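Colleague: I would like a close look at one part of this model, the metal site, with the terms spelled out as you go.

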Amino acid sequence: MKHTLANVEIDLQHEPPRPAAGELRALFREESEGTRKRATRQGLWIAVLAYLLYSLTDLLIVPDVAVYTIAARFAVGIIALAVLEVQIRTRVSADVIDAWSAAAVIIAYAGWLYTARMTTDTQAISYYMVFGAIFMMSVNLFFSFQFRLALISSVTSMLIFLGSLYTFDPMATLQKLTLGAFCVSCFVFTSYVNFKLNKERYKVFLNALEARFQQKEATERGKALLRLSNTDPLTGLENRRAVDQRLRACWEGWQKYGRNFAVLLIDVDFFKHYNDFYGHQEGDRCLILVANALSDAIEPYNATIGRYGGEEFIVLARLETREQAGELAEVICRTVEDMALPHGQRRDGTSIVTVSIGASFTRNQSGSKLEKIIHEADRALYAVKAGGRNGVRLFDPNDPQSSDESENIAAILKIAIEQNLVSMVYQPIRNVGTGKLDAAEALMRLKMLDGTPVTPSLFIPIAERTGAILDLGRWAVRTVCRDMLATNVVPVASVNVSPIQLKAPGFAASVAAILGETGVAGNRLAFEITEGLEMEMNSDILRCISDLKMLGIRIWLDDFGTGFAGLSWLRLIDFDTVKIDRSFLHDCGSERGKAMLQDIIGLIRNRGPKILVEGVETEAQLALMHRFRIDHVQGYHVGRPQAAADFQSTLLANRALKPARR
Ligand code: C2E
Ligand code: MG
Ligand code: MG
């Protein structure tokens, strides 16, 4: 069943239906069947024994016919019990057993009366006959017969009694009247009591039934509440709470019995754009559709699915191998793609809803923790997102971005500033027309505790993932302002900033504070934003960029041409300078490559920003840049990145050399 919000609520409102009056009667009869049989059996046995014991009174009161009465007692008693036992064994209904027992009482009465009346002692029998009332009372009070049966049998007993009185000539009329009245009174009172008893029994049954219903309701409500507390109200999938419980169970299974499992984190790509454009209702609908599709996709696998956060789902699957985990992730990814839900607001050339999946699989390692497997899936997911989304990635411990080494780097990054493990180097940017050094790009460097350098392409993504980039970024801006701008080493310095920084609230304000603190004008600072798929140009980023521009800071587009987004960014943001990625220059060996670079240059020039070409390594390349009328160049041929002090001394040495050259 597919889940919606309504389903979950209905569970709580639900009350089990109460049976109608007719059904209640039937239920009562059905439920009392067993107890009635038992009670009647017990009652008849006791009644027969008492009936046989009354043989003694026969011997005392009517000794002349006692032999007949006693014979009748035994005959009727034995037959009554024999038939009863056969009925019990052949499982006849309680109604039949009751009818037989009522009939047995009447036969017993008639049998005794008939034989007793043969006595010659008319006085004795006229007293003894009063015992007939006992038979009537027994069907009404001693047995638990239903009212109708009790009434029929007690009326029959009464009629026998009255008939026998009427036909008993030796008895005086007064005595007949007295006994008759007694008998009728007995009938009326005992029948009334029987009626009340039956009503009471039914009431007790109804109360017990109601109590049962209420208990059932309470149990079901409890279950519904539990389900609700474990259910995501939007998609009907398990929520994070429930998933965490399942995860612990999987983990225990793995720790105790070595049962492998995989964790898949599934993120709906560019969901924020979807929500912003189509509205929250459509966004919710999209999540429900995706959730349903995912539930269907995992059905053939030994897997469960839950909603882990906004647009993030999680699948836990007990699988045998890593490869199966990869296959499952692929299946899920394709399933969502096949739904082809339109998403016209993404900027990566795709126009349908897709998902990115990061997966991790249990593996033997020392000191492993439950959180680690989630963390690994998260890292794999991060890698998929950074790689352009709409794909799957299985966490690979041998991948440098995933390795324990990266854990070490993440730890080092936390203490890098206070332990002086991070530093800045500066690479000159030369004006092609004037030959002057117009600016320098600040590049971050990191070393481990033992002094081993770590390349930025390794530590920057880790810093972005862990959020360490926020502190490092502020530190970088402060260092550049202090070492290069406040001291006027270069007119302008560019600093690379990550999208994470631009998205973080208060980034522009913190930059403003640094400018104020160091006394540097905002227009001497440039921020390089790298064109990459991982950067969604959302409103937060655009707002931050506009705030930075208000401070006078220039915005440069870095590594232009390496992603899809560059062109649309050129439309969205008024860049001061566009840096063409060095790969284009390095392709210039061929005519095709040269034409390509020229096309790119033409395209940017038409839009207005200045052009900087990165990666100039040779004199020939520099000459080409002259020919193409490029504004600025940067590269090993112009100068390698150097620490501030070295940069400054190289600069001074070059200035000293220049007049000599002339
Ligand atoms: P990027 O901003 O494109 O920086 C230019 C990279 O190209 C630098 O690598 C630089 O050393 C290298 N390079 C410069 N001239 C040449 C050349 O002629 N030939 C070749 N082959 N390479 C050249 P680096 O320093 O390793 O930085 C790599 C990337 O790391 C940077 O690319 C930038 O995206 C990122 N990065 C560096 N520092 C920071 C930082 O402070 N913050 C942020 N967010 N990212 C940074
Ligand atoms: Mg750069
Ligand atoms: Mg670059």
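Buried or exposed: which word describes glutamate 528 and aspartate 558?

Modeller: Glutamate 528 and aspartate 558 are both buried, a word that stands for under 20% relative accessible area, with exposed meaning over 50% and partly exposed in between (1.4 Å probe, protein chains only). Aspartate 558 counts as buried because its relative accessibility is 4%. The model is predicted, so that local features need pLDDT of at least 70 and side-chain atom pairs count only at pLDDT 80 or more, while totals for chains, interfaces and linings use all residues, and side-chain values rest on heavy atoms, without hydrogens or water. Residues are numbered from 1 along each chain as its sequence is written, with chains lettered from A and ligands numbered from 1 in the order in which they are written.

The magnesium ion (ligand 2) has as its protein donors Glu441 (OE), Asn496 (OD1), Glu528 (OE) and Asp558 (OD), at 2.0 to 2.2 Å; donors are N, O and S atoms within 2.8 Å of the metal (3.2 Å for Na, K and Ca), and water is not among the atoms, so sites may look incomplete. Along the chain, the spacing of the donors of ligand 2 is E-x54-N-x31-E-x29-D. Of these donors, glutamate 528 sits in strand 10 (residues 525-530) and aspartate 558 in strand 11 (residues 554-560), a pair 30 residues apart that links distant parts of the chain; strands (E, at least two residues) and helices (H or I, at least four) are DSSP runs numbered from the N terminus.

Aspartate 558 also bridges the magnesium ion (ligand 2) and the magnesium ion (ligand 3), which lie 3.9 Å apart. For ligand 3 the protein donors are Asp558 (OD), Asp559 (OD) and, listed twice, Glu614 (OE), lying 1.9 to 2.8 Å from the ion, and their spacing along the chain reads D-D-x54-E.

Away from the metals, helix 4 (residues 66-89) packs against helix 5 (residues 94-116) at an angle of about 170 degrees, with the axes 9 Å apart; axes are lines fitted to C-alpha atoms, for helices over the stretch in contact, and angles run from 0 to 180 degrees between N-to-C directions. Helix 4 is therefore roughly antiparallel to helix 5, the term for angles over 145 degrees, with under 35 counting as roughly parallel, 65 to 115 as roughly perpendicular and the rest as oblique.
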